[in-house]
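Biologist: I would be grateful for a close look at a single part of this model, namely the surroundings of one core residue. Please start from its contacts and then work outwards.

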Amino acid sequence: MIKLVIFDHDMTIVDSSYAIMAGFNYVAEHEGLPLVSHELTMKYIATPIPTFCEGLLGEYRPEWIKLYREASNKLERELIKPFDDTVPTLTALRDMGIKLAVVSNRERPRLALENTDLAKYFDAMVGAHEPYGKLPYKPNPAMINELLAHLDIKPAEAVYVGDADLDIVTAIAAHVRGIGISKGTFTAKELMQLGAWKSIDSLHELIEIVKSDEAN
């Protein structure tokens with residue numbers, strides 16, 4: 001029986017791709033580097049910031065993170081938007097008594113969730129630096145493991161919903177069922193081939209998945 005639905009953040013419950021692209025282009029312009037395309041941004045969107053920098057800008061420099069963050073708060077407020085099916089799905093799941101959480105490679109995902117008025121729907125919001133201290137990035141399962149321990153939920157009672165290979169690998173490592181959603185760069189078929197328990201095209205489909213699991 002599913003008691004907890006855990007979501008990835010970027011490209012799972014919100015379209016953050018244009019905000020992230022704009023933030024990295026701010027760095028690129030400051031450093032005199034070529035601008036970043038949306039296609040390239042999507043390729044790296046699920047990865048930790050150092051990997052993001054290497055993929056988009058050619059290398060990683062710690063000072064670039066400061067530049068990125070100078071622009072990111074304003075850009076995220078303007079450009080990150082929940083998908084149309086996000087709020088209706090979160091509302092329906094909460095009405096069913098399901099606990100909801102976010103596990104993201106963002107270091108502090110709460111701010112982004114507050115900016116889009118989504119924080120109020122979640123029982124927990126876990127990032128690499130909050131709220132359990134500094135934890136390894138996905139695909140290490142530490143963030144999910146800490147979340148399950150704090151909420152007293154067994155792995156078999158949780159699912160993790162994400163749009164990327166990284167999310168499915170993380171779910172498998174944490175022994176929770178992974179649900180792939182085809183809103184990023186991976187198709188439903190590719191997510192299943194990576195080991196997803198189920199794959200969906202819309203968050204709305206989670207409602208029937210939870211109901212079906214309760215009936216079994």
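Modeller: The model is a predicted one, and the account may begin with V5. Apart from neighbours within four places in sequence, V5 is in contact with L93, I98, K99, L100, A101, V159, V161 and V210. V5 also stands out within the largest nonpolar core: of its 28 residues, V5, F7, I13 and F122 touch the most other members. At least two residues of this core come from each of β1, α5 (86-95), β4, β6, β7 and α10 (205-215). The greatest contribution is that of α10, with four residues. As a general tendency, nonpolar side chains in soluble globular proteins are buried together.

The strands around this core belong to an open sheet. Six strands make up the sheet, in the order β5-β4-β1-β6-β7-β8, and their pairing is parallel. At the edges lie β5 (124-126) and β8 (198-200), each of which pairs on one side only. From one strand to the next, the twist averages 25°. Within the sheet, β6 (residues 158-162) and β7 (residues 177-181) pair in the parallel sense over four bridges. V161, one of the contacts of V5, stands opposite I179 in β7. Helix α7 (residues 142-151) lies across β1 (4-7), β4 (99-103), β5 and β6, and runs at about 150° to β1.

The aromatic residues come next. The count of aromatic pairs in the model is three. In one of them, the ring centres of F7 and F122 are 6.2 Å apart with the planes at 75°; the angle is over 60 degrees, so the pair is edge-to-face. This pair joins distant parts of the chain, since F7 is in strand β1 and F122 is in the loop between α6 (109-115) and β5, 115 residues apart. F7 has 0% relative accessibility and therefore counts as buried, the limit being under 20%. F122, with a relative accessible area of 7%, is buried as well.

Another pair consists of F24 and Y68, whose ring centres are 4.7 Å apart; because their planes are at 40°, the pair is tilted. It too links distant parts of the chain, with F24 in helix α1 (residues 17-31) and Y68 in helix α4 (residues 62-79), 44 residues apart. Both residues are buried: F24 has a relative accessible area of 3%, and Y68 has one of 10%. Together with F52, F24 and Y68 form one aromatic cluster.

Charged side chains also meet an aromatic ring, that of W197. R177 lies over the face of W197, at 4.5 Å from the ring centre. The charged end of K198 likewise sits over the W197 ring, 4.9 Å from its centre. By residue number, R177 falls within β7 (residues 177-181) and K198 within β8 (198-200).

A further residue to consider is D167, in helix α8 (residues 165-174). D167 counts as buried, at 1% relative accessibility. Residues up to four places away in sequence aside, D167 touches D8, K138, Y160 and G162. Of these contacts, Y160 and G162 lie in the range of β6 (residues 158-162), the strand that stands between β1 and β7 in the sheet order.

How values were computed:
Residues numbered from 1 in each chain as written. Predicted model: local features only at pLDDT ≥ 70, side-chain atom pairs only at ≥ 80, totals over all residues. Heavy atoms only, no water. Pairing = 2+ DSSP bridges. Axes fitted to C-alpha atoms, helices over the stretch in contact; angles between N-to-C directions. Contact = heavy atoms within 4.5 Å. Phe/Tyr/Trp six-rings, centres within 6.5 Å; stacked < 30°, edge-to-face > 60°. Buried < 20%, exposed > 50% of the residue type's maximum accessible area, 1.4 Å probe, protein only. Lys NZ or Arg CZ within 6 Å of the ring centre and 35° of its normal. Core = buried A, V, L, I, M, F, W, Y, C linked by side-chain atoms within 4.5 Å.
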